[in-house]
Amino acid sequence: MSKNQKTYYDLAIEKGYSRRDFMKFSAMMAALLGLESSSIGQVAKALETKTRIPVIWLHGQECTCCSESFIRSSHPLVADILLDKISLDYTETLMAAAGHQAEKSLQDTIRDYKGKYILAVEGSIPLNNNGVYCCIGGKTFEQIVEEAAKDAYAVLAWGNCASAGCVQAAKPNPTGAVPIHKMISGKPLINVQGCPPIAEVMAGVLVHILTFGQIPELDRLKRPKAFYSRRVHDTCYRRPNFDAGLFVQSFDDENAKRGFCLYKMGCKGPVTYNACGVMEWNNGTSFPIKSGHPCIGCSEEGFWDNGPFYTHLTNFPGFGIESTADKVGLGLGIATGVGIAAHAISTNIRKRSLINKVNGKPELEKNES
Amino acid sequence: MHPVYVWELPVRFFHWINALSIVALAVTGFIIGDPPAIQSATEASFSYWFGTVRIIHFIAAYVFFFNFVFRIYWGFVGNRFANWKNFIPYTKRSWIDMWEIIRVDILQIKSADNPNLGHNALASFTYFITFLAFLLQVLTGFGIYATTSSAWLPALFAWVPAMLGGDMVTRDIHHLMMWVFALFAMVHVYLVFYHDYIDWNGTTSSIIGGWKFQEEGKEEREKELDK
Ligand code: HEM
Ligand code: SF4
């Protein structure tokens, strides 16, 4: 039996997991997806009966933090079965094959599983100068993605790079990096946002596709609603301090020790949609805000350009570093005030003769002025 | 001099509700954007002041919004000074008038008198721009408000942040726009006083009582010009 005819359950048992482990995993996945408990059976059944979905996982311009995150997911089965074994048929950083053998395995998967495999892309695609900034096996990443996407069942954009371009697309974007959705149309596409995305979220999206045979419900920016419908701010445990107006002002002040809200430290929680506050990271150990650092908004488009990370207001473009909208606004306010004063003085000088005239004879003669 | 009823009661109400809600929105908005930091050993459960500032902002936002919607309606049913057509410079005449006003009133390189009784052409155009600013502020404001509310009205604006590329930029634009309102208010108040002073037509009190004053025969002249 080839690897791809086996079910996830077969693979798990083969790996030495017990049925009990498997059921726990199914329950966890159902919970992550926000399904009611009656659906645990549905998830388990899908994993038990459906053959694994072939996955091609491509790496473009990226730092591999998405892969790193994924293999650190809290349940070993996630990495073991969904990954190795969602059976990555091709992934540059983890596959055993190399060189021509690897490229062949990519071609084989595309050919053998036409319309059935999932294309997961980690990284952005450089388009400038015909895409020379990212070439693998003699092809540009642009070509590779195009070829692989053509026959894919769905495209998963892992992380901010693939969903929004991340740091490569930050100004001035020298390589002309674009996210996947700017390049590919006509395919179901899911932006699994974050830098990196939370491992359980990544796994959850795959399990959803497997269980229900369709892609999960998405928000307007194509992020799965189950994980990205609420702001970090809405699930943040420091939120009562926000409402009470209790803010940290510097990382070493008393308020920081008391665990007050990090809003004034530039926390982007109020403008960032992600599940960090609920799922947390590394097996639910912590997340940035819990360890005293403001959210930098890594699951949002253009978060590098909307800096700095440690002030609430974004730098105002075109006016140099450290110019916020407030500084520019205040400057314009002063300029306006000066303008008004000058205008008032000029008006009075010009109208003095008129005033004198009118004071002399009260009847209106303004028209002649 | 004879009085002309220029601003009807609903227009005057619009103006003052608008002014008050904008002041409330700008003040609370500024606090939301840059809250004063208070060193405090208190527990969060004893205080809610920031939440209160935000709720005032949101209530004022609703007032501002419905008042704005009402004014648009009044632009279709109100008198000729309130009509929407005043605000959009679609004739050549209004552009010529605008240039004239820039030379006479702003640059003061030419003297003449101002034939308009309602808004002058430049003012009208400025208000048109201001209306667009209102619109942008409503769009961005309700856009970022949408996810935090379960009401249907804000939900109608959920597409705004998606179109602009997320809440981050939307919120920045919203913040920046506050300054547009602040600058407008400064210039607006000054010009009201200026026109009162120069044109002697009771501009300042007109927005309270509704009456402006016009020299005899001026109306005929204006009609003449309109032809
Ligand atoms: C003249 C009109 C308005 C002005 C001057 C104004 C100003 C501001 C300012 C300066 C901020 C702070 C932004 C920041 O730096 O974080 C803000 C926040 C906000 N405004 Fe407005 N605003 C206006 C109208 C509106 C309207 C019509 C709405 C519609 C609901 C609205 C909803 C909001 C929301 C939701 C926030 C974010 C509050 C939070 O999440 O803490 N605003 N506003
Ligand atoms: S720390 Fe950030 S996310 Fe948490 S309440 Fe404060 S502003 Fe919101």
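**A buried leucine, a shared ligand site and the interface of chains A and B**

In chain A, L210(A) belongs to helix α9, which spans residues 199–212. The model described here is predicted. L210(A) has a relative accessible area of 5% and is classed as buried because this value falls under 20%. Leaving aside residues up to four places away in sequence, L210(A) is in contact with Y8(A), A46(A), L47(A), K50(A), T51(A) and I53(A). One of these partners, K50(A), is separated from L210(A) by 160 residues in sequence, yet the two C-alpha atoms are 7.8 Å apart in space.

A second residue of chain A, T235(A), is situated in the loop that links α10 (225–228) to α11. The relative accessibility of T235(A) is 17%; since the limit for burial is 20%, T235(A) also counts as buried. When residues up to four places away in sequence are not counted, the contacts of T235(A) are with R230(A), G277(A) and V278(A).

Ligand 2 is enclosed by residues of chain A, among them H233(A), C236(A), R238(A), R239(A) and F242(A). The surroundings of ligand 2 also include C261(A), L262(A), Y263(A) and C267(A), together with G269(A), P270(A) and I289(A). By residue class, the shell around ligand 2 comprises eight nonpolar, two polar and two charged residues.

Chain B contains nine helices and two strands. Along the sequence, these elements follow the order β-α-α-α-α-α-α-α-α-β-α. Of the 227 residues in chain B, 46% are buried. Among contacts in chain B with a separation of 6 or more, 68% are between residues 24 or more positions apart.

The association of chain A with chain B involves 57 residues of chain A in contact with 53 residues of chain B. Interface size is often expressed as the accessible area lost when the parts come together. For chain A and chain B, the area buried between them is about 4,800 Å², with 59% of it on carbon and sulfur atoms. Two salt bridges are found across this interface. In one salt bridge, the side chain of K264(A) meets that of D34(B), with an N to O distance of 3.1 Å. Polar contacts between chain A and chain B, counted where both residues have pLDDT 80 or more, amount to 15 residue pairs. On the side of chain A that touches chain B, at least two residues come from each of α11 (239–243), α12 (254–257) and α14 (325–360). The greatest contribution to this side is made by α14(A), which provides 18 residues. In composition, the side of chain A that touches chain B consists of 23 nonpolar, 19 polar and 15 charged residues.

The site of ligand 1 is shared between chains, because residues from both chain A and chain B surround the ligand. The surrounding residues number 25, and the closest are R54(B), H57(B), R171(B), H174(B) and H175(B). From chain A, H312(A) places a polar side-chain atom 2.8 Å from an oxygen atom of ligand 1. From chain B, a polar side-chain atom of R54(B) lies 2.7 Å from an oxygen atom of ligand 1. For H175(B), the distance between a side-chain N or O atom and an oxygen atom of ligand 1 is 2.5 Å.

Technical notes: Residues are numbered from 1 along each chain as its sequence is written. Chains are lettered from A and ligands numbered from 1 in the order in which they are written. This is a predicted model: local features need pLDDT of at least 70, side-chain atom pairs count only at pLDDT 80 or more; totals for chains, interfaces and linings use all residues. Side-chain values use heavy atoms; hydrogens and water are left out. Contact means heavy atoms within 4.5 Å. Buried area is the accessible area (1.4 Å probe) that two parts lose on being put together, summed over both. A salt bridge is a side-chain nitrogen of Lys or Arg within 4 Å of a carboxyl oxygen of Asp or Glu. A polar contact is a pair of N or O atoms within 3.5 Å; within protein, one must be able to donate a hydrogen and the other to accept it, and residues adjacent in sequence count only if both atoms are side-chain atoms. Helices (H or I, at least four residues) and strands (E, at least two) are DSSP runs, numbered from the N terminus. Ala, Val, Leu, Ile, Met, Phe, Trp, Tyr, Cys and Pro count as nonpolar, Asp, Glu, Lys and Arg as charged, and the others, Gly among them, as polar. Buried means under 20% relative accessible area, exposed over 50%, partly exposed in between (1.4 Å probe, protein chains only). A residue is near a molecule or strand if one of its heavy atoms lies within 4 Å of it.
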